[in-house]
Every structure is written in structure tokens, then in C-alpha cells.
Amino acid sequence: MKNIKTILVAGAGTMGQGIAQVCAQAGYAVYLFDVQPEFIQRGLLNIDKSLSLLVGKNKLTQEESVAIAGRIKGTETVDVPADLVVEAIVEDAEAKRKLFTAIEKVVSPSAILTSNTSSIPITQLAASLRHPERLAGLHFFNPAPVMKLVEIISGVATDHVVIEKLQEFVKAIGKVSVIANDAPGFIVNRVARHFYVEALKLVEEGVATHQQVDELLRASGFRMGAFELMDLIGIDINFSVTSSLYNGFHQEPRFRPSRVQEQKVLAGHLGKKSGKGFYDYSKS
């Protein structure tokens with residue numbers, strides 16, 4: 001495997017934008033892919049805004065900001081000279097498998113393929129590939145430019161050299177890696193799931209309001225309440241991860257998704273990104 005110089009980030013949503021920015025800040029050339037051109041343009045615009053905020057906080061110079069933005073190019077095709085692919089599309093196993101099948105046909109045989117999935121087993125995503133040994137999980141946390149931890153997940157077929165290369169890469173972009181074997185939710189999302197699930201149960205059962213739960217959690221030392229964090233992450237994403245764990249553990253009751261959360265998703269109240277979730281952001 002060659003040294004990593006160029007990165008393809010597949011998916012120009014919130015996570016893809018953040019990952020692209022992190023990689024570009026570390027000096028890598030980045031292609032930001034999406035099937036919808038407007039998503040690419042919006043992603044690039046949001047990255048520019050994020051970099052401008054860093055300039056305003058004196059964490060970057062204007063010249064550095066321009067150079068970082070210049071290292072990111074939008075693309076509507078995955079046929080680019082990438083040494084590392086980071087998939088960050090919707091949390092749906094079939095959609096991810098189809099994308100990896102298409103990517104595998106056009107990228108270099110030496111390229112490493114990774115998924116930013118929060119909960120879908122890497123072994124499942126790799127099963128349909130001709131070379132499953134080069135696929136691993138590379139799970140960033142939202143917001144990617146801020147959060148230091150990155151989970152590296154090894155599937156059943158993942159080559160140990162791929163894991164070693166990803167450890168080097170995570171260190172090079174200024175993050176801290178933890179290695180996890182393949183399991184639904186990996187480490188962080190499995191442990192954190194009950195932070196959300198139990199908070200939702202309190203509301204669902206009428207024990208407390210979401211505002212009360214968040215206020216008590218902050219008073220207990222948490223930087224954000226469970227509902228504030230769900231709004232930040234995206235209620236649809238959070239619900240999808242819980243559903244994935246629920247099915248991954250064969251409908252184990254402790255992972256049962258919340259009807260309250262499902263109603264929010266059906267209503268299109270997805271959190272900050274939609275302007276309304278458990279809280280209203282339309283005026284902020």
C-alpha cells in the first residue's frame with residue numbers, strides 16, 4: 001500500500017464536510033463527492049464558513065484558510081486518484097454496499113476503503129466486495145473538526161496492515177484512535193445508546209420533559225443534555241443508529257427505538273439541520 005496523499009470523502013453531508021475539512025487542514029488533497037451537485041456546493045460553502053470562524057478566533061490565518069479550502073475539490077464521480085476513501089453517506093447498509101461496489105471498480109487496487117458508519121458491522125459491508133480485506137471502519141464523531149476520538153474497526157476479513165495504516169493516518173490528522181473489533185455500535189455508540197434511550201423513555205413515560213432531563217444532565221456535569229445532543233447529531237441519524245443496534249442484537253429490549261424519536265423523524269423535525277427538533281432553532 002502506498003502512503004496516503006489523496007482522500008476521497010464520499011457524502012457531502014455534515015459528517016462528510018467535517019471529515020473533508022479535517023483532512024485538508026492536515027495537508028491532504030481531498031475530493032468531496034456527492035451525487036447531488038447542490039449538496040457539494042453547500043458542503044464547500046459550509047467548510048468555508050467553518051474556516052472563517054477559525055480565522056475569527058485567531059486559530060488560522062486568512063492565508064492558511066485559503067490554502068486549506070484550495071485543497072478540497074468537489075466531484076460528482078468516485079473515479080478519482082484516491083489513496084484513501086472515507087464513506088460518509090446515509091446510515092443504510094444497502095446504500096453503503098452499492099457505493100463501495102462502485103468505488104472498488106474504479107479506485108486504485110492499493111487504495112484503502114473505510115466507512116464512517118456509526119453502527120453497521122464492517123464485515124457486513126465488506127461481504128460483497130472482491131477485496132474485503134481492504135475495508136475497515138473509520139468512525140469520526142460530530143463535529144469532526146472538534147472531536148478528537150476516531151474509532152478504527154476491523155472486520156473479519158480486514159488486513160492488519162490496513163489497520164496499521166489507518167492508525168498512522170489518524171495520528172497524522174491530529175486525532176486519537178481506538179481499535180475496536182466488529183460489533184453493532186462498536187464501542188462508543190453501544191455505551192452511549194442508553195444515554196439517549198433512557199432519556200427518551202423518561203419523556204415517553206411522562207416522567208419529565210425533555211427540557212427537565214437536559215437541565216438535570218447539565219447540572220450533573222454533562223456539557224450537553226441528551227436531547228440537545230440528539231438535535232446536534234441529527235435525530236434521524238440517532239434514530240437510525242438505535243434501530244441498527246436493536247436489529248443487530250436481535251431486537252434486544254434494552255435497545256428498543258423510541259416512538260417519540262420516530263415521530264420527530266416522520267415529522268421532519270431532525271434537529272439543528274432542519275431548524276427544529278426537540279428545540280426550535282428557526283430564530284437562531
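The following questions and answers examine the sheet, the helices and the domains of a predicted model.

The model is predicted: local features need pLDDT of at least 70, side-chain atom pairs count only at pLDDT 80 or more, and totals for chains, interfaces and linings use all residues. Residues are numbered from 1 along each chain as its sequence is written, and side-chain values use heavy atoms, with hydrogens and water left out.

Q: In what order do the 8 strands of the open sheet lie?
A: Strands (E, at least two residues) and helices (H or I, at least four) are DSSP runs, numbered from the N terminus. Two strands pair if DSSP finds at least two bridges between them. The pairing in this open sheet is mixed, and its edge strands, E3 (72–75) and E8 (176–181), each pair on one side only. The order is E3-E2-E1-E4-E5-E6-E7-E8.

Q: Which residue of E5 is the bridge partner of Val86?
A: Strands of a sheet pair through backbone hydrogen bonds, either parallel or antiparallel. Strand E4 (residues 84–87) and strand E5 (residues 112–115) pair in the parallel sense over 4 bridges. In E5, the partner of Val86 is Thr114.

Q: Why are H8 and H9 described as roughly perpendicular to each other?
A: Axes are lines fitted to C-alpha atoms, for helices over the stretch in contact, and angles run from 0 to 180 degrees between N-to-C directions. Angles under 35 degrees count as roughly parallel, over 145 as roughly antiparallel, 65 to 115 as roughly perpendicular and the rest as oblique. Helix H8 (residues 210–219) and helix H9 (residues 226–233) have axes 7 Å apart, and they pack at an angle of about 105°.

Q: Which residues of H9 make the contact with H8?
A: Contact means heavy atoms within 4.5 Å. From H8, the participants are His210, Val213, Asp214, Leu217 and Arg218. From H9, they are Ala226, Phe227 and Glu228.

Q: How far apart do the C-alpha centres of domain 1 and domain 2 lie?
A: Domain bounds come from an automatic or database domain assignment, which gives domain 1 (6–181) and domain 2 (189–274). Between them, 6 residues of domain 1 are in contact with 7 residues of domain 2. The C-alpha centres are separated by 26 Å.

Q: Which residue is joined to Asn142 by a cis peptide bond?
A: The omega angle of this bond is about 0°. The residue asked for is found in the loop between E6 and E7. Its name is Pro143.
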